[in-house]
Amino acid sequence: MKKSILKYVLIAFTLIINLTAIFLVLFYNRSVIIPDVTEKNINQATTLLEDAGFKIKTSTVYSDKVSESCVISQDKDGGSKAKYGTEINIVVSKGIEQITLPDVNDCTVAEAEDTLKKLGFSVITNEDYSSTINKGNVISQSVPAGYQADKGSTITITVSKGANPIAVPNTIGTTPSNANNFGKITTQDGWVYFAGSKNSIYRMRNDKSEIQLICDSCAVSLNVIGEWLYFADGSSKGGIYKIKIDGSEKTKLSSVTSYRVYVENEWIYYTSEFWGGKLYKMKTDGSSVTQILNEDCSEFIVYGEYIYYVSESNYQVYKCGLDGQGKTIFCVGFGGTDLALVDEKLVISDKYTIQSVNVDGSDYASFGTTNVQYSMLNGYDGWVYYLVHNFRGANTIKSSFGRMKPDGSQQTKILDYDYLNHANSFLNVADGWIYFQNEHKNDELYRVNFEGTIVERVG
C-alpha cells in the first residue's frame, strides 16, 4: 500500500515539474506589447519597460528638441510586440549641448563668424565706432569668452567701423535714451562707466575686467566725453559735477538737483528739479547758464539742431531750437511719458500705447493692447528696449524685458522679471547689455545680454 502511494506521489510530482516547465517556457516566450516611452522621463520609461518584462539598454545624445533626461527614441516601436525579456534600446536626451565661447574680440568679422558658426552658433553683426579697435575687427561679443551658451543659439558681435569721423574724441556723453532713464551707465572707448550700488562711480571693460573706482558719489546721469566724466548727485545734496576719468579734479558745476542731465559738444543740458522742471543749459565749465524753456518738462532729447521734450502740463511732445526759440507742437497726438530716440525715430509710451514717428514728423505709427503696458523705453542700434507689464484686471501677472523694432514688429522677450517695480528702477542699454537695478538684491546693479542667456551682477 505504501509503495502504491509513493508511486502516485512521484507521478504527481513529476507531472507538476513538467507542467511548471511548460508554463515557464510559455511564459517567458510569450509576446508582450512594448510601451511607448518616447519623450518620457528616463525613470518613468525604465519603470514602464521593466514592469512589462523588458530589459533596457540606454545611450545618450544631445538634443535641442527633447528635454534633458527624456527619451528621444526606442529601437522597437511602442505598441508593437516582442518576446518577454527582450532588450529594448532607448536613446536619452542630454539636453541642448552647451558650448564654451571662444574669445573673438579683435578678430576680423570673417574670422569671428567662421569660428562661431563652426561651433554651431548663429551670428548677428552690429557695427559701432571705436578708436581702439581696427575697422572690421570685433569690438565685443554678447556672450563673453569662457561662458557657455546653447549650441544653435545666436551670438551678437559688434564690429568696429573705425574711429568716429565726426566726433574725435567723443562729443556725446551718453545716449539720449539712457539720459532719460537715470543714466546709470555710459560707455567710451571700450570702457563701461557705471554708478554702483554702494554710492560710488566705477569703470570696467565690457567683459567686467579691470574694474576701477573713480570716486565715491551717489551718482545718476553719467556722461563721459574725452577725459571728463559728468554726473548729477542723486542724494539730497544735489548738484552737477565733473571729474576726470582717473578720479582727479572733481568740480561742482551747479547746485541744482536733477535726474536729467545730457552732455553734447560743449553744452550740458539739464532740468532744474529732481524729476523734471525747467530746461537749462550751461557750458561744460559751468559758465553761460541759460534757461531754455519757461515751462516744466519731464523728459527731453537733443538731436541735431532741435530739442524734443515732453511737457508736464499735457504730456504732449514739443519741438524747439537749442536756444528754446521756435517752439511748436512736434506731431499732433504724439505724447506720453517715456520718450526715446531710435536712430532717427522718436518713440514714446502712453500706458498701453506705443507711438513712433521720424524726427521730421513723417511715418507716424501707433500700436498696443489694453492689457500690456510698456515703460522705461530705451533706443539702441535700431531697436526699442522696454519693460512690459502684462495685466489681468487690475493685477500685474507678468513683467519682462524685451525689444522690438520702432514699428512694433519683431517683439522679442529677453528676460522674465516679475518683481521689478519700474517706479524705483531703470533700464539702460550699452554694448550688447541691458543694465537694471535688482530691488530684491539690495538695489544692486545687474545686467542681461540681448539674448537673455546671461544675467549677472555688475561691480
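Three exercises on strands and sheets follow, each with a worked solution.

The structure is a predicted model, in which local features need pLDDT of at least 70, side-chain atom pairs count only at pLDDT 80 or more, and totals for chains, interfaces and linings use all residues. Residues are numbered from 1 along each chain as its sequence is written, and side-chain values use heavy atoms, with hydrogens and water left out.

**Exercise 1.** Determine which strands stand at the edges of the open sheet β15-β16-β17-β18.

Solution. Begin with the terms: strands are DSSP runs (E, at least two residues) numbered from the N terminus, and two of them pair if DSSP finds at least two bridges between them. The four strands of this open sheet pair in the antiparallel sense. Because β15 (219–225) and β18 (251–254) each have a single partner strand, one side of each is left without a neighbour in the sheet. Further in, β16 (residues 228–233) is joined to β17 (residues 240–244) by five bridges, and Leu229 has Ile243 in β17 as its bridge partner.

**Exercise 2.** Find the bridge partner of Cys297 in β24.

Solution. Strand β23 runs antiparallel to β24 (residues 306–311), and five bridges join them. Within β24, the partner of Cys297 is Ser311.

**Exercise 3.** Decide whether the faces of β37 are covered or open.

Solution. Taking buried as under 20% relative accessible area (1.4 Å probe, protein chains only), six of the six residues of β37 (444–449) are buried. Glu444, Tyr446 and Val448 lie on one side and Leu445, Arg447 and Asn449 on the other, so that both faces are covered. Finally, β37 and β38 form a hairpin with five residues between them, where Gly452 in the turn has a positive phi of about 75°.

Key:
Buried means under 20% relative accessible area, exposed over 50%, partly exposed in between (1.4 Å probe, protein chains only).
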